[in-house]
Amino acid sequence: MDNNADLAAGLYLVATPIGNLSDITLRALEVLKACAMVACEDTRVSAVLLAHYGISKPLLSVREHNEARAAQRIVAAVAEGAAVAYVSDAGTPAISDPGARLAAAVRAAGLAVIPVPGPSAVAAALSASGQALDHWLFYGFLPARAGERRQALQNLRALPYALVFYESPHRIVEAVDDLADILDQDRMLTVARELTKRFEAVHTLPLGEAPAWLRADANRQRGEFVLILGVPAKPAEDAETLRGTLTVLLDYLPVSQAAQAAARLTGAKKNAAYSLALAMRTAK
Ligand code: SAM
């Protein structure tokens with residue numbers, strides 16, 4: 001498949017590597033070779049990518065300021081029978097990247113929008129995290145402003161899902177500080193950095209330890225990040241376990257020792273165990 005006649009008309013959203021240039025699918029290469037034109041987030045970035053695979057195509061820049069006009073041009077081309085590819089700078093278009101408005105415009109015109117799946121940092125990080133994550137919520141980038149970021153985290157803290165964020169090196173320290181401040185410190189955090197690149201690193205640790213861990217080595221703050229927070233402990237189940245443990249321990253130990261032992265056995269916070277132990281002893 002190497003000429004436009006072999007590719008049905010439509011807008012092809014083509015996923016491209018997130019670091020390692022070998023991470024491109026055979027179908028992505030076929031589409032890039034066979035399409036009439038490649039629309040892209042940044043023509044300089046995509047020109048390097050295409051040159052690497054020996055592909056030469058007319059490039060059309062689709063950025064925020066010209067998106068509406070560029071979309072019209074692409075809609076017209078597809079309506080005339082062209083296959084147009086869209087690539088963002090890295091990964092899957094429209095995942096924390098431009099591409100959604102273009103896809104919407106082409107769909108609105110009743111024309112085909114075809115995904116060509118491939119790399120995406122969120123999927124790569126989740127698969128390598130080692131955390132068992134049946135249900136996860138992809139949030140993308142947290143707000144840049146501290147107040148808005150903290151509010152967003154307040155809204156997310158009790159959701160019974162793993163949480164996945166994208167983060168840049170400029171804000172990684174602040175973001176992890178806020179996560180540790182607002183979410184349960186016992187949640188496990190996976191820091192997935194520079195995936196598929198030379199300095200790739202995936203590290204999982206309790207959230208409460210993350211701010212110090214990040215500061216202990218400046219290299220840990222460099223590069224591109226995916227942050228994954230494990231599912232929060234289920235409060236109801238935890239409370240039941242703590243109460244059951246204390247019921248037994250209070251038969252043998254004074255309040256403070258029972259609370260300490262129960263906290264160690266169940267993973268509950270010491271003050272929570274102490275308050276409950278006290279209440280239970282008083283109620284006896
Ligand atoms: N569309 C892309 C995708 O499908 O993953 C995401 C684009 S978004 C503008 C860029 C962010 O994705 C980075 O700030 C980082 O959070 C994450 N990211 C991209 N490449 C990465 C990599 N190689 N390792 C870790 N995170 C990465």
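Start by selecting Tyr166: Val226 in β10 stands opposite this residue. What you have open is a predicted model. Tyr166 is a good anchor for this tour, and we will come back to it at the ligand.

**Stop 1: around Tyr166**

Extend the selection to strand β7, residues 162-167, and strand β10, residues 225-229. The two run antiparallel, joined by 5 bridges. Now add helix α7, residues 172-182. Helix α7 packs on the sheet and touches β7 and β10. Its direction makes about 5 degrees with that of β10.

**Stop 2: the mixed sheet**

Show the whole sheet around these two strands. This open sheet has 5 strands in the order β6-β7-β10-β8-β9, and its pairing is mixed. Which strands form the edges? Colour β6 (136-141) and β9 (201-206): each of these edge strands pairs on one side only. From one strand to the next, the twist averages 15 degrees.

**Stop 3: the ligand**

Select the ligand and display its surroundings. How many residues surround the ligand? There are 19, and the closest are Asp97, Ser120, Ala121, Tyr166 and Phe225.

Three polar distances are worth drawing:

- Tyr166: an N or O atom in its side chain is 2.7 Å from an oxygen atom of the ligand.
- Ala90: a polar backbone atom is 3.3 Å from a nitrogen atom of the ligand.
- Glu224: a polar side-chain atom lies 3.3 Å from a nitrogen atom of the ligand.

Next, turn on the ligand surface. On its own, the ligand has 570 Å² of accessible area, and the protein covers 91% of that.

**Stop 4: the parallel sheet**

Move to the other sheet, β3-β2-β4-β1-β5. This is an open sheet of 5 strands with parallel pairing. Why do β3 and β5 each have one side without a neighbour in the sheet? Both β3 (59-61) and β5 (113-116) stand at the edges with a single partner strand, so one side of each is left free of a neighbour there. The twist here averages 25 degrees from one strand to the next.

Zoom in on β2, residues 37-40. Strand β2 pairs with β3 in the parallel sense, over 3 bridges. Pick Ala39, and you will find Leu60 in β3 opposite.

**Stop 5: the helices on that sheet**

Add helix α3, residues 67-79. Helix α3 packs on the sheet and touches β1, β2, β3 and β4. Its direction makes about 145 degrees with that of β3. Then add helix α1, residues 26-34. Helix α1 lies across β1 (10-14), β2, β4 (83-87) and β5. Relative to β5, helix α1 runs at about 135 degrees.

**Stop 6: zoom out**

Show the full chain as a cartoon. Its secondary structure comes to 11 helices and 10 strands. Switch to the C-alpha trace: along its principal axes it spans about 85 × 40 × 35 Å. The radius of gyration is 25 Å, whereas a compact globule of 284 residues would have one near 19 Å.

Note on methods
Residues numbered from 1 in each chain as written. Predicted model: local features only at pLDDT ≥ 70, side-chain atom pairs only at ≥ 80, totals over all residues. Heavy atoms only, no water. Pairing = 2+ DSSP bridges. Helix = DSSP H or I, 4+ residues; strand = E, 2+ residues; numbered from the N terminus. Axes fitted to C-alpha atoms, helices over the stretch in contact; angles between N-to-C directions. Contact = heavy atoms within 4.5 Å. Near = heavy atom within 4 Å. Polar contact = N/O pair within 3.5 Å; in protein donor to acceptor, adjacent residues only side chain to side chain. Areas by Shrake-Rupley, 256 points an atom, 1.4 Å probe, with all protein chains shown as cover. Rg over C-alpha atoms; globule rule 2.2 N^0.38 Å.
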